[in-house]
Structure formats: C-alpha cells, structure tokens
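Dear colleague,

I am handing over the structure below for your files. My findings follow after it, arranged by topic.

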Amino acid sequence: MNRAILFLTALFLFAIQPFDTFSQTEIHSFKISGKIKVPISPNSMAFRAVEYDPGSTDHLFISYFNKDGLITTKSQFQFKGKRFNLEDVNIYFRTNELLKDGTELTYLANGSIGNEDITKEGKLIRRTIFYRDGKKKLMFSADENTLNGEYQMWYPTGTMSFSGNYKNNVKEGEFQQFDPSGALTKRGIYQEGKLISGEVVVLDVVYENPEIPAQYLNGNEDFDDFLKRRSAEINGLKELKVEKKINLNLVVDKTGAITKIETLSVLHQPELDIMNAVFKELPQYTPATVEGIPVESILTLKLILSKNGFKTNVEERNHTKTDITKVAEVMPQFPGGPLALRNYIANSVRYPREAQQQKIQGKVFVNFIINTDGTIANVSIMRGVSFLLNEEAIRVVKNMPTWIPGKQDGKPVRVSYTVPINFILQ
C-alpha cells in the first residue's frame, strides 16, 4: 500500500471515528467526565462531541455536527486541566485551560474537507483550502495576520497555478506562475519584497488592500459629477428627510469594470431603490494594481445620501492615511494576546436570528485602525457575507476594549488591522 493510500485511510478514520463510546487509556493526564455528546443550544438537534486523542497524553478532539448528524468541524485541543466536562467548554476557553493545538478539519455540505488548519498553542501555523472534489485549492503558512512561509495555489484540475514564499507578509525568494497545462509562465526572484531578477509574479486573487487602489477614470471630481447627473434623474429624493452616510463595497475587475456592489449600511427600501437607480449604469474605473499589474480588487465608497442625491463623503475621503501602517516593528496587541482576542470574539458574537433562519453563514473580514492610544477607529468590512452578518461583525469589533498600540522606532503608530469573524451554523 503506497503512502497516499495510507494517508487517505488515516484521514478517513480520523473523520468517522464514532462517539457513542470511548475508553481512556492510562496515558492521559486528564479524565473526560459527564456527557460525551451535548446539544449546541437548548432544544437544538445539532450537537458537539468529545473524545480522547489516542496519540497524546494531554490532547482531545471536539467535533461539531449539524441537525442531520453530519460532521461540520473536528478540532484537536490541548487540555491543561484534570477533569474535562463538555458542558463547561466555554469556561475552559476563558480560563485558558483549553487551547487549540494540532489539526482542525472543516467539512463542506457534501462531506468533503473544506479547510485543514494546523495550529500550535492557539496560533495558526498553516491552512489548506480544498475544492469540493477534495483537490487542493490554496495552502499558506501564516498566523491570523502574517504570511510566513510557503504560499501555493492550484487550478481545479489539480495543476499548480502559483508558488512562492513570504517572510512577515513580504515576498522572499522565488515566485512562479503556471498556466492550466502546468507550463511555467512567469518566474521572479524577490528580496525583502523587491523584484531583483526575472518577471513580476502577482497572485490572481481579489485584493482587499492593493498597492494602488482602483480609481474612477477621471478622478473624484468627475465621479461627483456622475453622482449628481444620475441623482437628478431619480424620483423620490425629495421625500428623504435627513442625510445618511452610506458605505458600499465595489468589486472592480482587472479591466476596471464593476462586477458586484455590496451595501455595508442599513438601507430602507426607498433608499435601496434610489441606490439601485443611481448605479444602474455602472461607472468605469481604472483597475487596482499590484507591482504594476492590474488586479481584481475591493473598493469601498463612502457616500452621503440626501434630498439632493448622492455625493462623496469628502470628510472621509480626505482623511489622510499617510500615518497608517500595516506592519510595525511592534504590532498592536489585544489585551491578553491572540487567544484572548479569539475568546472575546467567540463570546461576543450573537448570531442574528434572521441569518440563522435563512441559513446564511461564512467568514466576515473586518478592517479597522488601532490608534496610537489603542482605541479602535475606521471600522469597515473588507470582505463580507451578508448585511446581517456584516453588521454583527462590525458591532463586535467596535465594542472591543482598548488595544496595546503598535510601535515603530519606539513610538506609538496607527496600524491597519484585519480580523476574520467566522459564522458557522451548527
């Protein structure tokens, strides 16, 4: 039997091991007591289950199942206590007795593995994302915010499309790009993020923070003229009683065309009708660029809607970003560290009931600025799922306690930071 078959066999056994019974060997440093399966919430058909990790003295597995009994996630944890009760899992998180450490598998609706995360002492080390048929889609080495190590992408056929290496979010070493047949199309050598030989090699993904963002063809003033002209043709404006700030996310492709508009603000139906009418004819943009290469990107528009129509929120637009950095010598820290941040998010998120009823789930990426005094500012959605989940994610971030600010040359600096908030229906 070759190694591939052995690996698949082990993975299969890892996924389907039953939870009806378990036995503790003498090697474990703790004892599982109480129920080994409990509902996610009162009267819920979904449940979670616990079992010993047979390969470690102080580890266990916690798995989540949906109402149909299908597994959704299975995570490996280190437990520092002496007696584990599944009903007290949230207490163990708060007291740092339970720490994600090892492998976490997230399953798709068809039963295949969607993500495989490798963590160490609560920190993400490597993530692999799969297509629905089980082929690899993306693999990168990183924690929640910083790429460190390999970064590889594959076409749905299984052929590699991109390969490179990062060090503290900066390109370092050889980068390669391949066409669907597997032929090498570009190769470049980077040192400290700068191309020193070969060609520019850029990831073919949707960029949230490109080097040069997408811009309206003839600048901001011409865009304001576009809004004014379109607003003049719209009925219903005079019925608006107060001004309202509205934020939109535009997905701008490599040609500058807008392919998607997502509202990030609460809109009533009349306001939504006005917005749809104004943006019925989508304006043309110059695409964002990374290392001089056009890329697909997300552009956030900050607008004001009044009885005179849409106009740019000049105050927001003119807010300088020259004093904001993404990477500081000493990065800002949530009080208590990364684990405390994850616990805060887990304990603060309230899954919107309407989103549950509509079976909406996914990961929301929230960007914000950590000021020099540690306060939070400029909270926005970098990549959203739906209005309901986006608004809840924004609420959680805005209610964060004061951070320990980042430092550059020994002085506090403003740092742009992004956190993912995952909404999963259990």
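A residue is called buried here when its relative accessible area is under 20%, exposed when that area is over 50%, and partly exposed in between. By that definition, tryptophan 403 and tyrosine 417 are both buried; I return to this pair further down. Please note that this is a predicted model.

Confidence and overall form

The mean pLDDT of the protein chain is 84, and 91% of the residues reach at least 70. Among the elements of the chain, strand S14 (residues 173–178) has the highest mean pLDDT, 95, whereas helix H1 (residues 3–16) has the lowest, 38. Over residues 1–25 the pLDDT stays under 50, and for this stretch the model has 28 contacts beyond four places in sequence.

The secondary structure consists of eight helices and 29 strands. The C-alpha trace spans about 75 × 55 × 50 Å along its principal axes. A compact globule of 426 residues would have a radius of gyration near 22 Å, and the 24 Å of the protein chain agrees with this. Of the 426 residues, 44% are buried. Among contacts with a separation of 6 or more, 53% join residues that are 24 or more positions apart. The chain exposes about 23100 Å², of which carbon and sulfur atoms supply 52%.

Helix H6 and its cover

Which residues of helix H6 are buried? In this helix, residues 338–348, they are Leu339, Leu341, Asn343, Tyr344, Ile345 and Ser348. The cover over the buried residues of H6 includes two helices, H2 (89–94) and H8 (387–398), together with strands S7 (98–107) and S29 (411–423).

Aromatic rings

A pair of aromatic rings is described by the distance of the centres and the angle of the planes. The structure holds 25 aromatic pairs. In one of them, the ring centres of phenylalanine 223 and phenylalanine 226 lie 6.1 Å apart with the planes at 20 degrees, so this pair is stacked. Both residues belong to helix H3 (residues 220–232), where they are three residues apart, about one turn of the helix. An α-helix has 3.6 residues a turn, so residues three or four places apart point the same way. Phenylalanine 223 has a relative accessible area of 5% and is therefore buried; phenylalanine 226, with 7%, is buried as well.

The pair mentioned at the start has another geometry. The rings of tryptophan 403 and tyrosine 417 have centres 4.9 Å apart and planes at 65 degrees, so the pair is edge-to-face. Tryptophan 403 is in the loop between H8 and strand S28 (406–408), while tyrosine 417 is in strand S29, so the pair ties together parts that are 14 residues apart in sequence.

Ring pairs also link Phe140, Tyr151, Phe162, Tyr166, Phe175 and Tyr190 into a cluster. One of these rings, that of phenylalanine 175, has the charged end of lysine 171 over it, 5.1 Å from its centre. Elsewhere, the charged end of lysine 37 sits over the ring of phenylalanine 47, at 5.5 Å from the ring centre.

Valine 252

Valine 252 is located in strand S18 (residues 244–252). Is this residue buried or exposed? Its relative accessibility is 0%, so valine 252 counts as buried. Leaving aside residues up to four places away in sequence, valine 252 touches Ala214, Ala257, Ile258, Tyr285, Val295, Glu296, Ser297 and Leu299. Isoleucine 274 is 22 residues from valine 252 along the chain, and the C-alpha atoms of the two are separated by 21 Å.

Positive phi values

Most residues other than glycine have a negative phi. Asparagine 96, although not a glycine, has a positive phi of about 65 degrees. This asparagine 96 lies in the loop between H2 and S7, and its relative accessible area of 37% makes it partly exposed. Glutamate 192 also has a positive phi, near 50 degrees. Glutamate 192 is in the loop between strand S15 (184–191) and strand S16 (194–198); at 66% relative accessibility, glutamate 192 counts as exposed.

With kind regards

Terms used: Residues are numbered from 1 along each chain as its sequence is written. This is a predicted model: local features need pLDDT of at least 70, side-chain atom pairs count only at pLDDT 80 or more; totals for chains, interfaces and linings use all residues. Side-chain values use heavy atoms; hydrogens and water are left out. Buried means under 20% relative accessible area, exposed over 50%, partly exposed in between (1.4 Å probe, protein chains only). Helices (H or I, at least four residues) and strands (E, at least two) are DSSP runs, numbered from the N terminus. Contact means heavy atoms within 4.5 Å. Rings of Phe, Tyr and Trp (its six-membered ring) pair if their centres lie within 6.5 Å; planes under 30 degrees apart count as stacked, over 60 as edge-to-face and the rest as tilted. A charge sits over a ring if NZ of Lys or CZ of Arg is within 6 Å of the ring centre and within 35 degrees of the ring normal. pLDDT is the predictor's confidence in each residue, from 0 to 100. The radius of gyration is taken over C-alpha atoms; the globule rule is 2.2 Å times the number of residues to the power 0.38. Accessible areas come from the Shrake-Rupley method with a 1.4 Å probe; for residues, only the protein chains shown count as cover.
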